[in-house]
2 protein chains.
Amino acid sequence: MDKTLEILKAISDRSRLRILMLLYIRPLCVCEIQDVMQITISTVSKHLSILKNVGLVSDEKDGKWVNYFLNKDTQDTILQQVVLMLPMWLSGDREIENDKMKVINVDRIQICSTNLA
Amino acid sequence: MDKTLEILKAISDRSRLRILMLLYIRPLCVCEIQDVMQITISTVSKHLSILKNVGLVSDEKDGKWVNYFLNKDTQDTILQQVVLMLPMWLSGDREIENDKMKVINVDRIQICSTNLA
DNA sequence: TCTTAATTTCGTTATATAACGAAATGAGAA
DNA sequence: TTCTCATTTCGTTATATAACGAAATTAAGA
């Protein structure tokens, strides 16, 4: 039950659901997610590590950024089903839709430069 | 997202997962669940109210007892899928299997009498 | 090598929630 | 109505966890 519980707890958080739904669109770096969600970078990073620990998300170096992406082709049955269900369970949600609109226009180069200014 | 989150949080708890899995077997009263799980009656009652609030469980008066039962024929799509998935996600779990063994021999009349002694 | 910049980790604070025991509730039986 | 007893509610305590800012880390590029 531990594994199942760990997965369920990982997806039982508003911020992490938002992050996951963003990752359905495309891989994102921490600062892009931060820009869309308007929460601290350290908080985003923490959420991503939780999602990574349960296997829902993986990461990959890309220049000076770290790309986080949804683990769509996981071998784990529970994770497979979770990845399949979440978009259905959250379809039409306002907050999610709003996030998705925002992420389209997000450019990591601009964001990271802007953060310094 | 609120509704989805509420359901996810309801099933992201070890005690509530154990309770749900017991209710797959048959309707149970609070004291029967208490006897199997060895936690306080008030705690069991609280968990059941959470499960009831999200629609996973319903209750029904039966003499001096209240029977709680799994809402297997819910109209809610998310709940339907949760009810379908949980037994798969928890199949073979030791703690759950142990609970199931215990609940077979549970008799509410004996328990409630015994509790007083 | 040194600097820069994205990310992670750490320490703290605030909030949420699980569990308990005691008291209140409420329905059936006398 | 009064008593009994299963259940719920309340108040408290302990633990878990989300969020933040600052400091540490780490890798890329000069």
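**Two chains and DNA strand D**

User: What makes the pair formed by B:Val66 and a phosphate oxygen of DNA strand D a polar contact?

Analyst: A backbone N or O atom of B:Val66 lies 3.3 Å from that phosphate oxygen. A polar contact is a pair of N or O atoms within 3.5 Å, so this pair qualifies. B:Cys31 also has a backbone N or O atom 3.0 Å from a phosphate oxygen of the strand, while A:His47 uses a side-chain N or O atom at 2.4 Å.

This is a predicted model, where local features need pLDDT of at least 70 and side-chain atom pairs pLDDT 80 or more, while totals for chains, interfaces and linings use all residues. Residues are numbered from 1 along each chain as its sequence is written, chains are lettered from A and ligands numbered from 1 in the order written, and side-chain values use heavy atoms, without hydrogens and water.

User: Which residues come nearest to DNA strand D?

Analyst: Of the 23 around the strand, they are A:Thr40, A:His47, B:Ser45, B:Tyr68 and B:Cys112. Sugar and phosphate make up 80% of the DNA strand D atoms within 4 Å of the protein. A residue is near the strand if one of its heavy atoms lies within 4 Å of it.

User: How do you know how chains A and B are related?

Analyst: Rotating chain B by 180 degrees, with 0.0 Å of shift along the axis, superposes it on chain A (RMSD 0.0 Å). The fit is by least squares on C-alpha atoms of residues with pLDDT of at least 70 in both. The two copies are therefore related as by a two-fold rotation axis.

Definitions and conventions:
A polar contact is a pair of N or O atoms within 3.5 Å; within protein, one must be able to donate a hydrogen and the other to accept it, and residues adjacent in sequence count only if both atoms are side-chain atoms.
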